[in-house]
Amino acid sequence: MNTSQPGRPGTLPDPAPGTPVPRRPERHATGWAAAAGVVAVGSGLALGELAAGLMSPSLSPVTAVGGAVIDVVPPGVKDWAISLFGTADKVALLGGMGLAIAALAALSGIVELRRRFAGVAVIALFGVAGLVAVLGRAELTANAIPAPLLAAVVGMILLRWLVGRLEDWQTEAGQPPAGPGPDAGAAESAAPPAPPSRRRFFLALGGTAAVAVVAGVLAATFRGAAAVVSELRSKLALPVPASPAPPIPAGAEVRLDGVGPLVTPNRDFYRIDTALRVPVVDPDQWTLTVTGLVEREISLDFAALLTKPLIERHVTIACVSNEVGGDLIGNARWLGWPVRELLALAGPKDGADMVLSRSTDGWTAGTPLEVLTDSRDALLAVGMNGEPLPLEHGFPVRLIVPGLYGYVSATKWVTGLKVTRFADDVGYWTPRGWSEQGPIKTSSRIDVPRDGRSVSAGTVAFGGVAWAQHTGIGRVELRVNRGGWLEAQLAPGISKDTWYQWKLALPLTPGRYEVQVRATDLNGVAQVEDRAPVVPSGATGFHTVRVDVKS
Ligand SMILES: Nc1nc2c(c(=O)[nH]1)N[C@H]1C(S)=C(S)[C@@H](COP(=O)(O)O)O[C@H]1N2
Ligand SMILES: [Mo]
(Lines give C-alpha, C1' and ligand atoms only; values in the text may rest on other atoms or scores of the structure.)
(Ligands and ions follow the chains in the order given, each with its own letter.)
Protein backbone atom coordinates (compact mmCIF):
# COMPACT_ATOMS: atom_id res chain seq x y z
CA MET A 1 0.00 0.00 0.00
CA ASN A 2 1.18 3.49 -0.87
CA THR A 3 1.72 5.55 2.28
CA SER A 4 2.21 9.02 0.81
CA GLN A 5 -0.42 11.74 0.98
CA PRO A 6 -3.76 11.23 -0.66
CA GLY A 7 -3.89 12.59 -4.14
CA ARG A 8 -0.15 12.87 -4.53
CA PRO A 9 1.21 9.36 -4.41
CA GLY A 10 4.97 9.36 -4.11
CA THR A 11 5.42 13.04 -4.94
CA LEU A 12 6.00 14.45 -1.47
CA PRO A 13 8.98 14.24 0.83
CA ASP A 14 8.61 12.06 3.90
CA PRO A 15 6.20 13.58 6.38
CA ALA A 16 7.80 15.58 9.18
CA PRO A 17 8.17 13.64 12.41
CA GLY A 18 5.02 13.81 14.44
CA THR A 19 2.61 14.40 11.58
CA PRO A 20 0.18 11.59 11.19
CA VAL A 21 0.91 9.43 8.21
CA PRO A 22 -1.95 9.85 5.78
CA ARG A 23 -3.14 6.89 3.90
CA ARG A 24 -4.27 6.16 0.43
CA PRO A 25 -7.87 7.38 0.10
CA GLU A 26 -10.28 4.89 1.52
CA ARG A 27 -13.54 3.92 -0.10
CA HIS A 28 -15.58 6.50 1.74
CA ALA A 29 -13.10 9.25 0.83
CA THR A 30 -13.41 8.22 -2.80
CA GLY A 31 -17.18 8.49 -2.44
CA TRP A 32 -16.93 11.99 -0.99
CA ALA A 33 -14.48 13.01 -3.71
CA ALA A 34 -17.03 11.88 -6.28
CA ALA A 35 -19.68 13.94 -4.46
CA ALA A 36 -17.32 16.93 -4.48
CA GLY A 37 -16.92 16.51 -8.24
CA VAL A 38 -20.67 16.41 -8.82
CA VAL A 39 -21.27 19.44 -6.58
CA ALA A 40 -18.41 21.45 -8.13
CA VAL A 41 -19.44 20.75 -11.72
CA GLY A 42 -23.11 21.21 -10.85
CA SER A 43 -22.39 24.65 -9.36
CA GLY A 44 -20.33 25.66 -12.39
CA LEU A 45 -23.06 24.59 -14.79
CA ALA A 46 -25.82 26.23 -12.75
CA LEU A 47 -23.92 29.53 -12.60
CA GLY A 48 -23.04 29.29 -16.30
CA GLU A 49 -26.68 28.67 -17.22
CA LEU A 50 -27.77 31.53 -14.99
CA ALA A 51 -25.24 33.93 -16.54
CA ALA A 52 -26.15 32.85 -20.08
CA GLY A 53 -29.86 33.04 -19.40
CA LEU A 54 -29.62 36.54 -18.02
CA MET A 55 -27.24 37.85 -20.67
CA SER A 56 -29.12 36.43 -23.59
CA PRO A 57 -32.28 34.40 -23.04
CA SER A 58 -31.74 32.39 -26.20
CA LEU A 59 -28.38 31.05 -25.02
CA SER A 60 -27.83 27.91 -23.01
CA PRO A 61 -24.47 26.14 -22.86
CA VAL A 62 -26.16 22.88 -21.84
CA THR A 63 -28.67 22.93 -24.70
CA ALA A 64 -25.89 23.98 -27.09
CA VAL A 65 -23.98 20.85 -26.07
CA GLY A 66 -27.23 18.88 -26.47
CA GLY A 67 -27.65 20.33 -29.95
CA ALA A 68 -24.08 19.43 -30.82
CA VAL A 69 -24.71 15.87 -29.60
CA ILE A 70 -27.78 15.67 -31.87
CA ASP A 71 -25.67 16.95 -34.77
CA VAL A 72 -22.95 14.32 -34.42
CA VAL A 73 -25.16 11.33 -33.61
CA PRO A 74 -25.59 9.12 -36.73
CA PRO A 75 -29.12 9.29 -38.23
CA GLY A 76 -29.77 5.60 -37.44
CA VAL A 77 -29.24 6.19 -33.73
CA LYS A 78 -31.42 9.30 -33.86
CA ASP A 79 -34.28 7.32 -35.47
CA TRP A 80 -33.84 4.62 -32.88
CA ALA A 81 -33.95 7.17 -30.04
CA ILE A 82 -37.03 8.83 -31.50
CA SER A 83 -38.82 5.49 -31.90
CA LEU A 84 -37.84 4.55 -28.35
CA PHE A 85 -38.63 7.81 -26.59
CA GLY A 86 -41.11 9.32 -29.04
CA THR A 87 -41.66 13.02 -28.47
CA ALA A 88 -39.79 12.70 -25.17
CA ASP A 89 -36.56 12.25 -27.15
CA LYS A 90 -35.29 15.70 -26.15
CA VAL A 91 -36.02 15.01 -22.51
CA ALA A 92 -34.27 11.66 -22.85
CA LEU A 93 -31.29 13.39 -24.46
CA LEU A 94 -31.05 15.97 -21.67
CA GLY A 95 -31.51 13.23 -19.06
CA GLY A 96 -28.82 11.12 -20.70
CA MET A 97 -26.54 14.14 -20.89
CA GLY A 98 -27.22 14.83 -17.22
CA LEU A 99 -26.17 11.29 -16.30
CA ALA A 100 -23.05 11.47 -18.49
CA ILE A 101 -22.11 14.84 -17.00
CA ALA A 102 -22.67 13.56 -13.46
CA ALA A 103 -20.51 10.50 -14.17
CA LEU A 104 -17.70 12.63 -15.59
CA ALA A 105 -18.03 15.06 -12.68
CA ALA A 106 -17.78 12.21 -10.15
CA LEU A 107 -14.76 10.91 -12.02
CA SER A 108 -13.11 14.36 -11.91
CA GLY A 109 -13.53 14.38 -8.11
CA ILE A 110 -12.06 10.90 -7.72
CA VAL A 111 -9.00 11.57 -9.88
CA GLU A 112 -8.50 14.97 -8.23
CA LEU A 113 -8.18 13.21 -4.87
CA ARG A 114 -5.59 10.83 -6.30
CA ARG A 115 -3.58 13.41 -8.17
CA ARG A 116 -3.91 17.09 -7.56
CA PHE A 117 -5.15 18.97 -10.69
CA ALA A 118 -5.97 15.77 -12.57
CA GLY A 119 -9.67 16.33 -11.93
CA VAL A 120 -9.29 20.02 -12.69
CA ALA A 121 -7.85 18.96 -16.04
CA VAL A 122 -10.85 16.70 -16.67
CA ILE A 123 -13.18 19.69 -16.14
CA ALA A 124 -10.98 21.86 -18.38
CA LEU A 125 -11.33 19.29 -21.17
CA PHE A 126 -15.04 19.22 -20.55
CA GLY A 127 -15.11 23.04 -20.77
CA VAL A 128 -13.22 23.02 -24.05
CA ALA A 129 -15.69 20.47 -25.43
CA GLY A 130 -18.59 22.67 -24.29
CA LEU A 131 -17.00 25.73 -25.87
CA VAL A 132 -16.46 23.87 -29.16
CA ALA A 133 -20.11 22.79 -29.08
CA VAL A 134 -21.28 26.34 -28.44
CA LEU A 135 -18.97 27.76 -31.12
CA GLY A 136 -20.34 25.23 -33.59
CA ARG A 137 -23.93 26.40 -33.23
CA ALA A 138 -25.27 28.43 -36.11
CA GLU A 139 -26.81 31.08 -33.87
CA LEU A 140 -23.44 31.88 -32.32
CA THR A 141 -22.77 35.38 -31.12
CA ALA A 142 -19.77 36.62 -29.17
CA ASN A 143 -21.81 36.68 -25.96
CA ALA A 144 -22.19 32.88 -26.22
CA ILE A 145 -18.59 32.46 -25.07
CA PRO A 146 -18.45 33.76 -21.46
CA ALA A 147 -21.04 31.35 -20.01
CA PRO A 148 -19.32 28.02 -20.81
CA LEU A 149 -16.02 29.62 -19.76
CA LEU A 150 -17.54 30.71 -16.46
CA ALA A 151 -19.04 27.25 -15.93
CA ALA A 152 -15.68 25.56 -16.47
CA VAL A 153 -13.62 28.00 -14.40
CA VAL A 154 -16.06 27.91 -11.47
CA GLY A 155 -16.15 24.11 -11.67
CA MET A 156 -12.35 23.87 -11.63
CA ILE A 157 -11.91 26.27 -8.72
CA LEU A 158 -14.63 24.62 -6.63
CA LEU A 159 -13.33 21.14 -7.33
CA ARG A 160 -9.82 21.99 -6.16
CA TRP A 161 -11.20 23.77 -3.11
CA LEU A 162 -13.58 20.98 -2.09
CA VAL A 163 -11.05 18.21 -2.67
CA GLY A 164 -8.51 20.33 -0.76
CA ARG A 165 -10.89 20.31 2.26
CA LEU A 166 -11.30 16.57 1.84
CA GLU A 167 -7.52 16.11 1.80
CA ASP A 168 -7.22 18.16 5.01
CA TRP A 169 -9.76 15.91 6.65
CA GLN A 170 -7.97 12.78 5.49
CA THR A 171 -4.61 14.15 6.61
CA GLU A 172 -5.89 15.26 9.98
CA ALA A 173 -7.70 12.02 10.59
CA GLY A 174 -4.62 10.10 9.59
CA GLN A 175 -7.01 7.32 9.00
CA PRO A 176 -10.60 7.14 7.95
CA PRO A 177 -12.94 8.32 10.67
CA ALA A 178 -15.13 5.78 12.29
CA GLY A 179 -18.43 4.96 10.77
CA PRO A 180 -19.46 4.34 7.21
CA GLY A 181 -18.51 7.86 6.12
CA PRO A 182 -21.54 9.15 4.23
CA ASP A 183 -23.61 8.58 7.34
CA ALA A 184 -22.59 11.72 9.24
CA GLY A 185 -24.81 11.01 12.24
CA ALA A 186 -23.25 7.66 12.95
CA ALA A 187 -19.74 9.11 12.69
CA GLU A 188 -20.59 11.91 15.12
CA SER A 189 -21.59 9.48 17.83
CA ALA A 190 -18.64 7.16 17.30
CA ALA A 191 -15.93 7.00 19.96
CA PRO A 192 -13.00 8.97 18.39
CA PRO A 193 -14.03 12.66 18.10
CA ALA A 194 -14.43 13.77 14.48
CA PRO A 195 -11.61 16.13 13.42
CA PRO A 196 -12.70 19.76 12.79
CA SER A 197 -11.50 19.45 9.20
CA ARG A 198 -14.22 16.91 8.65
CA ARG A 199 -16.82 19.46 9.69
CA ARG A 200 -15.19 22.03 7.40
CA PHE A 201 -15.39 19.67 4.46
CA PHE A 202 -19.09 19.04 4.96
CA LEU A 203 -19.79 22.75 5.43
CA ALA A 204 -17.96 23.49 2.18
CA LEU A 205 -19.73 20.70 0.33
CA GLY A 206 -23.15 21.61 1.71
CA GLY A 207 -22.65 25.34 1.14
CA THR A 208 -21.56 24.81 -2.45
CA ALA A 209 -24.46 22.46 -3.09
CA ALA A 210 -26.83 25.10 -1.71
CA VAL A 211 -25.35 27.75 -4.03
CA ALA A 212 -25.76 25.35 -6.96
CA VAL A 213 -29.39 24.69 -6.09
CA VAL A 214 -30.20 28.40 -5.73
CA ALA A 215 -28.43 29.26 -9.01
CA GLY A 216 -30.13 26.33 -10.72
CA VAL A 217 -33.58 27.34 -9.51
CA LEU A 218 -32.99 30.97 -10.55
CA ALA A 219 -31.71 29.87 -13.96
CA ALA A 220 -34.68 27.57 -14.45
CA THR A 221 -37.17 30.24 -13.34
CA PHE A 222 -35.68 32.85 -15.61
CA ARG A 223 -35.33 30.48 -18.52
CA GLY A 224 -38.90 29.35 -17.97
CA ALA A 225 -40.17 32.94 -18.22
CA ALA A 226 -37.94 33.61 -21.24
CA ALA A 227 -39.13 30.40 -22.89
CA VAL A 228 -42.77 31.41 -22.44
CA VAL A 229 -42.16 34.82 -23.98
CA SER A 230 -39.96 33.34 -26.75
CA GLU A 231 -42.83 31.00 -27.56
CA LEU A 232 -45.31 33.91 -27.69
CA ARG A 233 -42.84 35.74 -29.91
CA SER A 234 -42.46 32.86 -32.32
CA LYS A 235 -46.24 32.47 -32.62
CA LEU A 236 -46.75 36.18 -33.25
CA ALA A 237 -47.87 37.05 -36.78
CA LEU A 238 -46.89 40.63 -37.54
CA PRO A 239 -49.37 42.64 -39.60
CA VAL A 240 -48.69 43.42 -43.23
CA PRO A 241 -47.34 46.97 -43.41
CA ALA A 242 -49.72 49.63 -44.68
CA SER A 243 -46.65 51.15 -46.28
CA PRO A 244 -44.01 48.55 -47.21
CA ALA A 245 -40.31 49.31 -47.29
CA PRO A 246 -39.20 50.89 -50.58
CA PRO A 247 -37.47 48.21 -52.66
CA ILE A 248 -33.69 47.95 -52.39
CA PRO A 249 -32.35 49.65 -55.52
CA ALA A 250 -30.49 47.51 -58.04
CA GLY A 251 -26.75 47.75 -57.49
CA ALA A 252 -27.03 48.80 -53.82
CA GLU A 253 -24.66 45.95 -53.03
CA VAL A 254 -21.15 46.29 -54.40
CA ARG A 255 -20.72 42.50 -54.16
CA LEU A 256 -17.23 42.59 -52.77
CA ASP A 257 -16.27 39.85 -50.32
CA GLY A 258 -15.71 41.22 -46.83
CA VAL A 259 -17.88 44.31 -47.16
CA GLY A 260 -20.48 44.21 -44.38
CA PRO A 261 -23.91 43.05 -45.63
CA LEU A 262 -26.23 45.83 -46.75
CA VAL A 263 -28.92 44.57 -44.37
CA THR A 264 -27.51 43.16 -41.14
CA PRO A 265 -29.02 39.80 -40.13
CA ASN A 266 -30.63 39.94 -36.68
CA ARG A 267 -28.21 37.46 -35.15
CA ASP A 268 -25.21 39.57 -36.27
CA PHE A 269 -26.72 42.88 -35.21
CA TYR A 270 -24.62 44.63 -32.57
CA ARG A 271 -26.17 44.71 -29.12
CA ILE A 272 -25.65 47.48 -26.58
CA ASP A 273 -27.59 48.02 -23.38
CA THR A 274 -27.17 48.32 -19.66
CA ALA A 275 -29.36 45.27 -19.01
CA LEU A 276 -27.45 42.61 -17.08
CA ARG A 277 -30.60 40.57 -17.38
CA VAL A 278 -32.43 40.91 -20.69
CA PRO A 279 -35.92 42.17 -19.85
CA VAL A 280 -38.50 39.51 -20.66
CA VAL A 281 -41.74 41.31 -21.50
CA ASP A 282 -44.99 39.49 -22.20
CA PRO A 283 -46.60 41.34 -25.15
CA ASP A 284 -50.04 40.73 -23.63
CA GLN A 285 -48.95 42.63 -20.52
CA TRP A 286 -47.21 45.42 -22.42
CA THR A 287 -48.60 48.94 -22.38
CA LEU A 288 -47.09 52.22 -23.41
CA THR A 289 -48.14 55.41 -21.69
CA VAL A 290 -47.69 58.92 -23.06
CA THR A 291 -47.59 61.44 -20.24
CA GLY A 292 -46.18 64.84 -19.32
CA LEU A 293 -46.78 68.02 -21.26
CA VAL A 294 -49.64 66.68 -23.37
CA GLU A 295 -53.27 67.61 -23.96
CA ARG A 296 -54.35 63.98 -23.50
CA GLU A 297 -52.50 61.19 -21.72
CA ILE A 298 -52.51 58.03 -23.79
CA SER A 299 -52.22 54.38 -22.93
CA LEU A 300 -51.65 51.90 -25.74
CA ASP A 301 -51.50 48.13 -25.53
CA PHE A 302 -49.81 45.74 -27.94
CA ALA A 303 -52.98 44.54 -29.67
CA ALA A 304 -54.01 48.17 -30.28
CA LEU A 305 -50.56 49.03 -31.61
CA LEU A 306 -50.78 46.19 -34.15
CA THR A 307 -54.06 47.59 -35.52
CA LYS A 308 -52.37 50.91 -36.43
CA PRO A 309 -51.23 51.54 -40.01
CA LEU A 310 -47.66 50.26 -39.68
CA ILE A 311 -44.87 51.22 -42.00
CA GLU A 312 -41.69 49.36 -42.81
CA ARG A 313 -38.40 51.18 -43.42
CA HIS A 314 -34.70 50.39 -43.57
CA VAL A 315 -32.84 52.43 -40.97
CA THR A 316 -29.16 52.24 -40.00
CA ILE A 317 -28.68 52.71 -36.28
CA ALA A 318 -25.34 53.30 -34.59
CA CYS A 319 -23.89 53.50 -31.12
CA VAL A 320 -22.15 56.64 -29.94
CA SER A 321 -19.40 54.33 -28.67
CA ASN A 322 -18.64 53.16 -32.19
CA GLU A 323 -14.94 53.89 -32.79
CA VAL A 324 -13.78 55.06 -36.20
CA GLY A 325 -13.80 51.84 -38.26
CA GLY A 326 -15.85 50.04 -35.59
CA ASP A 327 -18.78 47.67 -35.90
CA LEU A 328 -21.31 49.06 -33.40
CA ILE A 329 -23.56 49.95 -36.31
CA GLY A 330 -26.12 47.95 -38.27
CA ASN A 331 -28.86 48.31 -40.82
CA ALA A 332 -32.23 46.60 -40.51
CA ARG A 333 -35.74 46.73 -41.95
CA TRP A 334 -37.92 47.94 -39.10
CA LEU A 335 -41.70 47.63 -38.91
CA GLY A 336 -43.54 50.08 -36.72
CA TRP A 337 -45.94 52.92 -36.17
CA PRO A 338 -44.63 56.47 -36.72
CA VAL A 339 -44.08 58.09 -33.33
CA ARG A 340 -45.33 61.41 -34.74
CA GLU A 341 -48.83 59.88 -35.16
CA LEU A 342 -48.90 58.77 -31.54
CA LEU A 343 -47.64 62.17 -30.36
CA ALA A 344 -50.22 63.93 -32.55
CA LEU A 345 -52.95 62.01 -30.69
CA ALA A 346 -51.49 63.10 -27.36
CA GLY A 347 -51.01 66.72 -28.44
CA PRO A 348 -47.72 68.09 -27.02
CA LYS A 349 -48.13 71.39 -25.19
CA ASP A 350 -46.21 74.56 -25.96
CA GLY A 351 -42.79 74.68 -24.36
CA ALA A 352 -42.15 70.95 -24.65
CA ASP A 353 -38.92 70.17 -26.51
CA MET A 354 -37.98 66.64 -25.43
CA VAL A 355 -39.46 63.17 -25.12
CA LEU A 356 -38.02 61.07 -22.33
CA SER A 357 -38.56 57.44 -23.27
CA ARG A 358 -38.31 54.80 -20.57
CA SER A 359 -37.83 51.04 -20.73
CA THR A 360 -39.25 48.40 -18.38
CA ASP A 361 -35.89 48.26 -16.63
CA GLY A 362 -35.83 51.99 -15.98
CA TRP A 363 -33.33 53.04 -18.65
CA THR A 364 -34.13 56.38 -20.30
CA ALA A 365 -33.30 58.37 -23.43
CA GLY A 366 -34.00 62.04 -24.10
CA THR A 367 -34.94 62.69 -27.72
CA PRO A 368 -35.70 66.11 -29.24
CA LEU A 369 -39.47 66.42 -29.75
CA GLU A 370 -38.72 68.02 -33.10
CA VAL A 371 -37.05 64.84 -34.43
CA LEU A 372 -40.00 62.71 -33.33
CA THR A 373 -42.59 64.96 -34.97
CA ASP A 374 -40.90 65.98 -38.24
CA SER A 375 -41.37 64.03 -41.46
CA ARG A 376 -38.72 61.42 -40.73
CA ASP A 377 -39.80 57.89 -39.96
CA ALA A 378 -39.17 57.66 -36.21
CA LEU A 379 -40.85 54.40 -35.30
CA LEU A 380 -42.41 52.61 -32.41
CA ALA A 381 -40.97 49.42 -33.84
CA VAL A 382 -42.32 45.90 -33.43
CA GLY A 383 -40.51 44.12 -36.28
CA MET A 384 -36.89 43.71 -37.34
CA ASN A 385 -36.05 42.21 -40.74
CA GLY A 386 -39.44 40.55 -41.07
CA GLU A 387 -39.55 39.05 -37.55
CA PRO A 388 -40.83 40.28 -34.22
CA LEU A 389 -37.98 42.08 -32.43
CA PRO A 390 -35.56 39.57 -30.89
CA LEU A 391 -35.71 39.64 -27.06
CA GLU A 392 -32.22 41.17 -26.97
CA HIS A 393 -33.27 43.95 -29.34
CA GLY A 394 -36.26 45.15 -27.36
CA PHE A 395 -39.18 42.73 -27.75
CA PRO A 396 -42.02 43.57 -27.97
CA VAL A 397 -41.58 47.29 -28.76
CA ARG A 398 -38.66 49.70 -29.14
CA LEU A 399 -37.93 53.09 -30.61
CA ILE A 400 -35.97 53.58 -33.83
CA VAL A 401 -35.11 57.15 -34.79
CA PRO A 402 -33.24 57.82 -38.05
CA GLY A 403 -30.25 60.11 -37.53
CA LEU A 404 -29.67 59.84 -33.77
CA TYR A 405 -27.28 57.63 -31.83
CA GLY A 406 -28.99 54.86 -29.89
CA TYR A 407 -28.29 56.34 -26.46
CA VAL A 408 -30.61 59.30 -27.11
CA SER A 409 -33.27 57.54 -29.13
CA ALA A 410 -33.40 53.77 -29.55
CA THR A 411 -35.06 52.71 -26.27
CA LYS A 412 -35.65 48.97 -26.23
CA TRP A 413 -38.47 47.37 -24.18
CA VAL A 414 -40.03 50.85 -24.20
CA THR A 415 -43.04 51.37 -21.94
CA GLY A 416 -43.24 55.12 -21.37
CA LEU A 417 -42.96 58.38 -23.28
CA LYS A 418 -42.89 61.55 -21.21
CA VAL A 419 -43.23 64.76 -23.16
CA THR A 420 -41.04 67.21 -21.30
CA ARG A 421 -38.25 69.79 -21.60
CA PHE A 422 -34.48 69.40 -21.77
CA ALA A 423 -34.42 71.92 -18.92
CA ASP A 424 -36.42 69.56 -16.69
CA ASP A 425 -35.34 66.00 -17.53
CA VAL A 426 -32.25 64.06 -18.58
CA GLY A 427 -31.72 60.70 -20.26
CA TYR A 428 -29.65 57.94 -18.62
CA TRP A 429 -26.26 58.70 -20.23
CA THR A 430 -26.28 62.51 -20.09
CA PRO A 431 -25.29 62.90 -16.43
CA ARG A 432 -22.69 60.20 -17.05
CA GLY A 433 -20.59 62.33 -19.36
CA TRP A 434 -22.32 61.98 -22.70
CA SER A 435 -23.76 64.94 -24.53
CA GLU A 436 -27.42 65.84 -24.32
CA GLN A 437 -27.87 65.82 -28.09
CA GLY A 438 -26.67 62.85 -30.13
CA PRO A 439 -26.96 63.29 -33.89
CA ILE A 440 -25.02 60.54 -35.71
CA LYS A 441 -21.84 61.92 -37.24
CA THR A 442 -21.23 61.37 -40.95
CA SER A 443 -18.62 58.65 -41.25
CA SER A 444 -17.22 55.90 -43.42
CA ARG A 445 -15.40 52.62 -43.04
CA ILE A 446 -13.01 50.52 -45.10
CA ASP A 447 -14.04 46.86 -44.75
CA VAL A 448 -11.63 45.38 -47.33
CA PRO A 449 -8.75 44.94 -47.27
CA ARG A 450 -8.60 44.76 -43.48
CA ASP A 451 -6.02 46.84 -41.66
CA GLY A 452 -2.62 45.13 -41.61
CA ARG A 453 -3.38 42.65 -44.39
CA SER A 454 -0.98 41.64 -47.13
CA VAL A 455 -2.37 41.64 -50.66
CA SER A 456 -0.75 40.87 -53.99
CA ALA A 457 0.38 43.63 -56.28
CA GLY A 458 -1.84 44.63 -59.15
CA THR A 459 -5.42 45.80 -58.86
CA VAL A 460 -6.46 45.90 -55.22
CA ALA A 461 -10.22 46.14 -54.54
CA PHE A 462 -11.18 48.43 -51.67
CA GLY A 463 -14.71 48.49 -50.34
CA GLY A 464 -16.81 49.48 -47.37
CA VAL A 465 -19.74 51.50 -46.10
CA ALA A 466 -20.52 55.17 -45.47
CA TRP A 467 -23.39 56.83 -43.63
CA ALA A 468 -24.94 60.25 -43.05
CA GLN A 469 -28.33 59.31 -41.65
CA HIS A 470 -31.23 61.44 -42.74
CA THR A 471 -29.05 63.48 -45.11
CA GLY A 472 -27.64 60.77 -47.32
CA ILE A 473 -24.19 60.21 -48.78
CA GLY A 474 -23.13 62.22 -51.82
CA ARG A 475 -19.56 61.07 -52.31
CA VAL A 476 -16.93 58.70 -50.93
CA GLU A 477 -13.23 59.18 -51.63
CA LEU A 478 -10.01 57.37 -50.84
CA ARG A 479 -6.51 58.68 -50.57
CA VAL A 480 -3.29 56.73 -50.61
CA ASN A 481 -0.36 57.85 -48.46
CA ARG A 482 -2.03 61.25 -47.93
CA GLY A 483 -2.09 61.95 -51.67
CA GLY A 484 -4.99 63.40 -53.61
CA TRP A 485 -8.52 62.18 -53.00
CA LEU A 486 -9.80 59.62 -55.51
CA GLU A 487 -13.56 59.25 -55.91
CA ALA A 488 -14.89 55.76 -55.17
CA GLN A 489 -17.82 54.13 -56.92
CA LEU A 490 -20.78 54.86 -54.64
CA ALA A 491 -23.63 52.35 -54.74
CA PRO A 492 -27.16 53.76 -54.39
CA GLY A 493 -28.35 53.75 -50.80
CA ILE A 494 -31.66 52.17 -49.82
CA SER A 495 -32.63 55.57 -48.43
CA LYS A 496 -30.91 58.56 -46.89
CA ASP A 497 -31.49 56.90 -43.49
CA THR A 498 -29.31 53.90 -44.33
CA TRP A 499 -25.65 53.32 -44.98
CA TYR A 500 -24.30 53.10 -48.51
CA GLN A 501 -21.74 50.66 -49.89
CA TRP A 502 -18.80 51.83 -51.98
CA LYS A 503 -15.82 50.28 -53.76
CA LEU A 504 -12.72 51.37 -55.58
CA ALA A 505 -10.07 49.31 -57.36
CA LEU A 506 -6.58 50.79 -57.05
CA PRO A 507 -3.51 49.67 -59.00
CA LEU A 508 -0.81 49.18 -56.37
CA THR A 509 2.84 48.18 -56.83
CA PRO A 510 4.70 46.32 -54.04
CA GLY A 511 5.20 48.39 -50.89
CA ARG A 512 3.42 49.60 -47.79
CA TYR A 513 0.45 51.87 -48.09
CA GLU A 514 -1.78 53.84 -45.81
CA VAL A 515 -5.25 54.24 -47.24
CA GLN A 516 -7.90 56.58 -45.85
CA VAL A 517 -11.59 57.06 -46.59
CA ARG A 518 -13.71 60.19 -46.44
CA ALA A 519 -17.46 60.56 -46.91
CA THR A 520 -19.32 63.70 -47.93
CA ASP A 521 -23.04 64.04 -47.38
CA LEU A 522 -25.64 65.14 -49.93
CA ASN A 523 -25.41 68.72 -48.63
CA GLY A 524 -21.73 68.73 -49.56
CA VAL A 525 -20.51 68.56 -45.95
CA ALA A 526 -17.50 66.26 -45.53
CA GLN A 527 -16.94 64.12 -42.45
CA VAL A 528 -14.67 65.66 -39.82
CA GLU A 529 -10.97 64.87 -40.25
CA ASP A 530 -9.79 65.72 -36.73
CA ARG A 531 -9.73 62.74 -34.44
CA ALA A 532 -12.18 62.88 -31.55
CA PRO A 533 -12.82 60.14 -29.00
CA VAL A 534 -16.28 58.59 -28.66
CA VAL A 535 -16.98 60.58 -25.48
CA PRO A 536 -19.00 62.80 -25.30
CA SER A 537 -20.74 62.87 -28.68
CA GLY A 538 -19.22 60.26 -31.01
CA ALA A 539 -15.86 59.64 -32.68
CA THR A 540 -14.54 61.55 -35.68
CA GLY A 541 -11.54 61.07 -37.93
CA PHE A 542 -10.78 59.18 -41.11
CA HIS A 543 -10.74 55.40 -41.01
CA THR A 544 -7.23 54.39 -42.00
CA VAL A 545 -5.94 50.98 -43.04
CA ARG A 546 -2.37 49.90 -43.66
CA VAL A 547 -1.85 47.36 -46.41
CA ASP A 548 1.26 45.52 -47.34
CA VAL A 549 1.36 44.95 -51.10
CA LYS A 550 3.51 41.91 -51.96
CA SER A 551 5.02 41.27 -55.37
N1 LIG B 1 -33.69 49.75 -22.55
C2 LIG B 1 -32.56 50.11 -23.13
N3 LIG B 1 -32.58 50.51 -24.42
C4 LIG B 1 -31.44 50.88 -25.04
C5 LIG B 1 -30.21 50.87 -24.36
C6 LIG B 1 -30.21 50.45 -23.01
O7 LIG B 1 -29.17 50.41 -22.33
N8 LIG B 1 -31.39 50.06 -22.43
N9 LIG B 1 -29.06 51.23 -25.03
C10 LIG B 1 -29.20 52.07 -26.20
C11 LIG B 1 -27.98 52.15 -26.97
S12 LIG B 1 -26.67 52.97 -26.25
C13 LIG B 1 -27.89 51.68 -28.26
S14 LIG B 1 -26.52 52.00 -29.20
C15 LIG B 1 -28.98 50.89 -28.86
C16 LIG B 1 -28.50 49.58 -29.40
O17 LIG B 1 -29.57 48.83 -29.91
P18 LIG B 1 -29.32 47.32 -30.29
O19 LIG B 1 -28.80 46.62 -29.07
O20 LIG B 1 -30.62 46.77 -30.75
O21 LIG B 1 -28.30 47.33 -31.40
O22 LIG B 1 -30.00 50.61 -27.92
C23 LIG B 1 -30.36 51.69 -27.08
N24 LIG B 1 -31.50 51.29 -26.34
MO1 LIG C 1 -25.05 53.14 -27.80
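How do the residues of the shell around ligand 1 divide into nonpolar, polar and charged? In this predicted model, a good way to find out is to select ligand 1 and display its surroundings, where the shell residues divide into 8 nonpolar, 5 polar and 5 charged.

With that shell on screen, pick out Tyr270, Thr274, His393, Arg398 and Lys412, which come nearest among the 18 residues around ligand 1. Begin with Tyr270, where a polar backbone atom lies 2.6 Å from an oxygen atom of ligand 1. Move next to His393, which offers an N or O atom of its side chain at 2.7 Å from an oxygen atom of the ligand, and then to Arg398, where a polar side-chain atom lies 2.7 Å from an oxygen atom of ligand 1. Switching on the protein surface at this point is useful, since ligand 1 taken alone exposes 530 Å², and the protein buries 99% of that.

Now leave the ligand and select Thr544, which has its place in strand E19, the run of residues 544-550. Is Thr544 buried or exposed? Thr544 has a relative accessible area of 14%, and because this value falls under 20%, the residue counts as buried.

Keep Thr544 selected and follow its side chain, which makes a polar contact of 3.1 Å with the side chain of Gln516. A polar atom of the Thr544 side chain also lies 3.1 Å from the backbone oxygen of Phe542. To complete the view, add Asp451, Glu514, Val515 and Gln516, the residues in contact with Thr544 once its neighbours within four places in sequence are left aside.

Technical notes:
Residues numbered from 1 in each chain as written. Chains lettered and ligands numbered in written order. Predicted model: local features only at pLDDT ≥ 70, side-chain atom pairs only at ≥ 80, totals over all residues. Heavy atoms only, no water. Near = heavy atom within 4 Å. Polar contact = N/O pair within 3.5 Å; in protein donor to acceptor, adjacent residues only side chain to side chain. Areas by Shrake-Rupley, 256 points an atom, 1.4 Å probe, with all protein chains shown as cover. Nonpolar A, V, L, I, M, F, W, Y, C, P; charged D, E, K, R; others polar. Helix = DSSP H or I, 4+ residues; strand = E, 2+ residues; numbered from the N terminus. Buried < 20%, exposed > 50% of the residue type's maximum accessible area, 1.4 Å probe, protein only. Contact = heavy atoms within 4.5 Å.
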